[in-house]
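This report describes one helix and the aromatic ring pairs of a protein chain. The sequence and structure come first.

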Amino acid sequence: MTEGHEVRAAFRRKSAEIAVAALIFLLGAIVIFDSARLGVGWQEIHGPRPGYFPFYIGLIMCVASLVNVARALLVRGADNKTFVEVGQLKLVLSVLVPTMVYVLLVTWIGVYISSVLFIGFFMRWLGKYPWWKVVAVSVVTMVVFYLVFEKWFKVPLPKGPLENLLGLG
């Protein structure tokens with residue numbers, strides 16, 4: 001109980017540890033699979049093949065994940081405390097979900113238009129700024145980024161069809 005209302009757990013310690021261990025196991029399995037494709041052996045003349053060291057790192061990740069799952073399964077009763085509350089999870093997701101959408105949009109419409117939308121979204125939704133400030137700040141920020149990266153540093157960033165149409169490509 002906190003300040004007269006009950007706090008609901010979104011995840012408890014046990015479920016959070018099992019979920020993270022499963023994700024790390026999956027990552028380790030991907031590393032092992034790709035390392036095997038590259039070759040994990042040792043060559044007499046050249047030494048380790050390209051997948052040699054990554055294979056063992058992936059193997060260590062998988063074993064460590066299994067140990068963490070076993071330890072998590074042993075957590076009982078009072079030790080299975082709240083890992084994250086529903087309200088806290090909503091706050092994290094309110095930033096994580098739009099960020100994931102931004103990353104996907106960068107691949108489809110380019111970094112500049114996506115960034116204008118991303119900055120504008122957060123300014124309007126979370127900051128409650130007026131529209132004129134949202135447009136001004138997000139557009140000016142991307143113009144500065146364009147000048148710095150594309151013109152001064154000569155580093156091309158991913159562009160989408162709209163950005164190419166505007167002549168930014």
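The model is predicted. Just after helix H1, Gly 39 takes a positive phi of about 110°. Helix H1 itself covers residues 13-38, and at 1.5 Å a residue its 26 residues should span 38 Å. The C-alpha atoms at its two ends are 38 Å apart, which agrees with that expectation.

Several residues of H1 are buried: Ala 16, Ala 21, Gly 28, Ile 32 and Ser 35. The cover over the buried residues of H1 includes strand S1 (9-12), helix H2 (52-73) and strand S4 (82-85).

The second topic is aromatic rings. A search of the whole structure gives 11 aromatic pairs. Two of these pairs are set out below.

| Pair | Centre to centre | Angle between planes | Arrangement |
|---|---|---|---|
| Tyr 112 and Tyr 146 | 5.6 Å | 75° | edge-to-face |
| Phe 121 and Phe 122 | 5.5 Å | 75° | edge-to-face |

The planes of Tyr 112 and Tyr 146 stand at 75°, so this pair counts as edge-to-face, the cut-off being over 60 degrees. The pair links distant parts of the chain, with Tyr 112 in helix H4 (residues 111-125) and Tyr 146 in helix H5 (residues 131-152), 34 residues apart. Tyr 112 and Tyr 146 are both buried.

In the pair of Phe 121 and Phe 122, Phe 121 is partly exposed, with a relative accessible area of 36%. Phe 122 has a relative accessible area of 16% and is therefore buried, since buried means under 20%.

Ring pairs also join Trp 42, Tyr 52, Phe 53, Phe 55 and Tyr 56 into a cluster.

Terms used:
Residues numbered from 1 in each chain as written. Predicted model: local features only at pLDDT ≥ 70, side-chain atom pairs only at ≥ 80, totals over all residues. Heavy atoms only, no water. Helix = DSSP H or I, 4+ residues; strand = E, 2+ residues; numbered from the N terminus. Expected span 1.5 Å × (residues − 1). Buried < 20%, exposed > 50% of the residue type's maximum accessible area, 1.4 Å probe, protein only. Contact = heavy atoms within 4.5 Å. Phe/Tyr/Trp six-rings, centres within 6.5 Å; stacked < 30°, edge-to-face > 60°.
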